Amino acid sequence: MAMKIRTFTVGMFQVNTYLLTDEATGQSAILDTGEDDELLERLARFEASEGSLDVRMILLTHTHIDHAGALSLLQERFDVPTYCPAADRPLYETLPMQGTMFGMPHLDRPKGRVDHWIEDGAEIQLGETTLRFLSTPGHTPGQGCYYTDEDILVGDTLFQGSIGRTDFPLSDPKLAVESLRRLLALPGHLRVHSGHGPVTTLDRELRTNPFLAYLRRERGIDGPPGIRWAPGT
Ligand SMILES: [Zn+2]
């Protein structure tokens, strides 16, 4: 049995949030939240047409406002264990002010609750599906990915044809260089579900993404010359 992935693109940042369902048991996880109540409305409509959800957990890829800003709203409806990358804790603490920091004070709200601060290599059981956690810091101190044998949810680590910004206050391009190296060492067939934009695969990005030219050179893979965006690339 597999894990079903449904995508809800929400809010002014058009962030991809995900409903992950273990098909063997019907248990679900919500991954990332959007910055307002749109995901809650979308899930309510989904339940009205498809039946009620058995949500067992909330997973966060990182704690920028568009990915985690609505956590407290979501937890009012789904009071379930919530997992967050441990190294993102300093950024999580700023969540109640991130609206103001990004020039949108109306989005400020109390941060939600994190129950499990997770580290690289953590395994999370969703029904019969095991989700593994890969820490890929750079975009944020804790930015991370959750993956199975078929799919990987990468937050803002990697996009189709691009990567997450590394010029935010807590970003670190040097860490991103190494994180992408580790991410692209995973099996190439993995379907990549990003925090923004369309689905791709690791192999397709390794061959074509202009920000990954340094990995192509290291590994002797033909492809476009690409962009030098940090030392070592
Ligand atoms: Zn982000």
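This report describes the fold, the nonpolar core, one hairpin and two residues with positive phi in a predicted model.

**Overall form**

The protein contains 8 helices and 14 strands. Its radius of gyration is 17 Å, close to the 17 Å that the globule rule gives for 233 residues, so the protein is as compact as a globular protein of that length. Taken along the principal axes, the box filled by the C-alpha atoms is roughly 50 × 45 × 30 Å. Of the 233 residues, 42% are buried. Among contacts between residues at least 6 apart in sequence, 60% join residues at least 24 apart.

**Nonpolar core**

In soluble globular proteins, nonpolar side chains tend to be buried together. In this model the largest nonpolar core has 52 residues, and the members that touch the most other members are Leu 31, Leu 59, Tyr 146 and Leu 180. Helix α6, residues 173–183, supplies the largest share of this core, with 5 residues.

Leu 31 can be followed further through its contacts. Leaving aside neighbours within four places in sequence, Leu 31 is in contact with Thr 17, Tyr 18 and Leu 20, with Leu 59 and Thr 61, and with Tyr 146 and Leu 153. Two of these partners, Leu 59 and Tyr 146, are also named among the core members that touch the most others.

**The β1–β2 hairpin**

Strand β1 (residues 3–10) and strand β2 (residues 15–22) run antiparallel and are joined by 8 bridges. Met 3 stands opposite Asp 22 in β2. The two strands form a hairpin with 4 residues between them, and Gly 11 in the turn has a positive phi of about 80°. Gln 14 also lies in the loop between β1 and β2. Its phi is positive too, at about 50°, although Gln 14 is not a glycine.

**Two non-glycine residues with positive phi**

Asp 32 is another residue other than glycine with a positive phi, near 65°. Asp 32 sits in the loop between β3 (27–31) and α1 (38–50). The table sets Gln 14 and Asp 32 side by side.

| Residue | Phi | Loop | C-beta neighbours inside 10 Å |
|---|---|---|---|
| Gln 14 | about 50° | between β1 and β2 | 12 |
| Asp 32 | near 65° | between β3 and α1 | 29 |

Is each of these two residues buried or exposed? Gln 14 counts as exposed because it has 12 C-beta neighbours inside 10 Å, and the cut-off for exposed is 12 or fewer. Asp 32 counts as buried because it has 29 such neighbours, where the cut-off for buried is 20 or more.

Note on methods:
Residues are numbered from 1 along each chain as its sequence is written. This is a predicted model: local features need pLDDT of at least 70, side-chain atom pairs count only at pLDDT 80 or more; totals for chains, interfaces and linings use all residues. A nonpolar core is a set of buried Ala, Val, Leu, Ile, Met, Phe, Trp, Tyr and Cys residues joined through C-beta atoms within 7 Å. Two residues are in contact if their C-beta atoms, placed from the backbone, lie within 7 Å. The radius of gyration is taken over C-alpha atoms; the globule rule is 2.2 Å times the number of residues to the power 0.38. Two strands pair if DSSP finds at least two bridges between them.
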